[in-house]
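Me: Please take me through the structure below and justify each term that is applied to its residues and strands.

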Amino acid sequence: MKKKIAILLSFLMIIGLLVMEMTNQKTAYAKTAQLSIEIPNSIKKENEFKVRILLDSDVDLYSIDAYISYDAEILEFIPDCEYVTGSAGVLELRDSYEAETKKKEYELTFRALDTGKAQIAFTEVYLIDYADMEYMEVVPSAKNFDIGVNKKEEKDARLADLIVAPGEMTEDFSADKFDYEMNVGMDVDMVCLSAVPMEEGSIVESDVLEKLQPGENTITIKVTALSGNINVYTIKVYKGAGQ
């Protein structure tokens, strides 16, 4: 009986050693890789900035094929990296390596088009290891950041002059006055504007009505400076007032 127990224990020990060996081998040959994104600490509107893509693997790599997303309304990609193609919010990073490549760095250039929150993210990442030519899947990652007001850029979001026709406003234009009124006859269907920004780089957007309705109509003029500062001028147009 004791002999049978000893044999059984020996058998169990052998199985345990085999399982441990298989586990150790699996652990030893596990393939891992990290792909990270580095963003500058401070990003301002209208400025270009560099985004660093860092690849770090514990095995030699053969190639990478990764897709990168970004908000094209707030970021503009500057195509100066030979390994990255695409536009309109989707980029593809493709590269192949020589033997003994475990680390790689890429640098992408973007321009901040506006202030606000932005994100650059990997949506899909595929790596192939050099030894076995097998895919190594990497968990997608993302980087969120803020784009701030550029105080060094022009920040005066006012108009230097505002002219309307036909007719005229009830008060003379002043850069620091943002609300105006004007009266037009029933035969006037449209008011034309000439709005000149205080600073040349400012963007002027006007919401001009296609056709004035009898009574009160509202026209707005939005002025956005390069810094991101905004002012809005409003003109109340009264069609047929006093007639």
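**Salt bridges, exposure and strand pairing**

Reply: R111 and E48 form a salt bridge, their closest N and O atoms lying 2.6 Å apart. The model is a predicted one, in which local features need pLDDT of at least 70 and side-chain atom pairs count only at pLDDT 80 or more, while totals for chains, interfaces and linings use all residues. Residues are numbered from 1 along each chain as its sequence is written, and side-chain values use heavy atoms, with hydrogens and water left out.

Me: Why is the contact of R111 with E48 called a salt bridge?

Reply: The term requires a side-chain nitrogen of Lys or Arg within 4 Å of a carboxyl oxygen of Asp or Glu. For R111 and E48 the closest N and O atoms are 2.6 Å apart, so the pair meets this criterion. R111 belongs to strand β8 and E48 to strand β3 (residues 48–57), 63 residues apart, and the pair thus links distant parts of the chain. Strands here are DSSP runs (E, at least two residues), numbered from the N terminus.

Me: What makes R111 partly exposed?

Reply: Buried means under 20% relative accessible area, exposed over 50%, and partly exposed in between (1.4 Å probe, protein chains only). R111 has 22% relative accessibility and therefore counts as partly exposed. E48, with 45%, is also partly exposed.

Me: Which other residue forms a salt bridge with R111?

Reply: E76 does, with the closest N and O atoms 2.8 Å apart. This pair joins strand β5 to strand β8 across 35 residues. E76 is partly exposed because its relative accessible area is 32%.

Me: How do you know that β5 and β8 pair?

Reply: Pairing requires that DSSP finds at least two bridges between two strands. Four bridges join β5 to β8 (residues 103–112), and the two run antiparallel, so they satisfy the rule. Among the bridge partners, E76 is matched with R111 in β8.

Me: What makes β5 an edge strand?

Reply: The open sheet of four strands has the order β1-β3-β8-β5, with antiparallel pairing. Its edge strands are β1 (33–38) and β5 (75–78), since each pairs on one side only.

Me: Why is D176 called exposed, and what does its salt bridge tie together?

Reply: D176 has a relative accessible area of 54%, so the residue is exposed. Its side chain meets that of R158 in a salt bridge (2.8 Å, N to O). D176 lies in the loop between β12 (159–165) and β13 (179–184) and R158 in the loop between β11 (142–148) and β12, so the pair ties together parts 18 residues apart in sequence.
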